[in-house]
Amino acid sequence: MKQIEAIFLDRDGTIGGDDTVHYPGDFELYPNIDLQINRLRKDNIKILSFTNQPGISRGLAKAEDFIGELKGFGFDDVYICPHSHNEGCSCRKPNTGMLTEAQQKHDLTLENCVVIGDRWSDIVAASKVGSIKILVRTGAGESSLNEHFDKLRDINIDYIANHLQDAINWLYNNFILGNNA
């Protein structure tokens, strides 16, 4: 079985909120997400956030607030794209800039990493770098499977989970995670 080095988690719609952006202070985790994060941390799994937050470039929020919030939830590191859709950056999902930045900083083999998200852009980014791809049905997950199916047509999603706990249970049953070796 493959040893997992790190798990990249999207924020909005994957660990909490819904299919819209909720800024720090207004963002609520889904039930039991803290238990899932603690489970992974106990097994020494690196937990990394990667999230598009265009409200930062519009002055609606500060990157530091997102970083503080996500580290407070137990994330080891946080990668944020603050750019709007039309800025043409390399970090905004479905581009891979946040994943490759984390790869360099944490000496990761992205093929041994997992991306869990609710949007087609999370899955496309994961596909471009060869990571394990899990789409959760929470947040925008259902619309990613239905209205945005054309963007996912040629991608083999490794698992479609009902929610994050389902995704993590699937990982524990199919891969070697940290101390679970």
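**Exercise 1.** In this predicted model, decide whether Asp77 counts as buried or exposed, and then describe its surroundings.

*Solution.* Begin with the relative accessibility of Asp77, which is 7%. Since buried means under 20% relative accessible area, Asp77 therefore counts as buried. Next, place the residue in the fold: Asp77 lies in strand E4, which covers residues 77-81. Then turn to its side chain, which makes a polar contact of 3.0 Å with the side chain of Tyr79. Finally, leaving aside residues up to four places away in sequence, Asp77 touches Ile47, Leu48, Ser49, Lys71, Lys105 and His106.

**Exercise 2.** Work out whether Thr51 is buried or exposed, and find which residues it touches.

*Solution.* The relative accessible area of Thr51 is 1%, and because this is under the 20% cut-off, Thr51 is buried. Thr51 has its place in strand E3, and its side chain is joined to that of Gln53 by a polar contact of 2.7 Å. When residues up to four places away in sequence are not counted, the residues that Thr51 touches include Asp10, Arg11, Asp12, Tyr79 and Met98.

**Exercise 3.** Describe the largest pocket and say which element gives the most to its lining.

*Solution.* Start with the space in the largest pocket, which is about 340 Å³. The pocket is lined by 17 residues, of which Asn52, His85, Arg92, Arg119 and Ser121 are the closest to its centre. Two or more lining residues come from each of strand E3 (46-52) and helix H4 (120-129), and H4 gives the most, with three residues. By character, the lining divides into seven charged, six polar and four nonpolar residues.

Definitions and conventions: Residues numbered from 1 in each chain as written. Predicted model: local features only at pLDDT ≥ 70, side-chain atom pairs only at ≥ 80, totals over all residues. Heavy atoms only, no water. 1 Å grid on protein atoms, 1.4 Å probe; cavity = no way out; pocket = protein on both sides within 12 Å on 5 of 7 lines; lining within 4 Å. Points joined across faces, edges and corners; volume = space filled by probe spheres on them. Helix = DSSP H or I, 4+ residues; strand = E, 2+ residues; numbered from the N terminus. Nonpolar A, V, L, I, M, F, W, Y, C, P; charged D, E, K, R; others polar. Buried < 20%, exposed > 50% of the residue type's maximum accessible area, 1.4 Å probe, protein only. Polar contact = N/O pair within 3.5 Å; in protein donor to acceptor, adjacent residues only side chain to side chain. Contact = heavy atoms within 4.5 Å.
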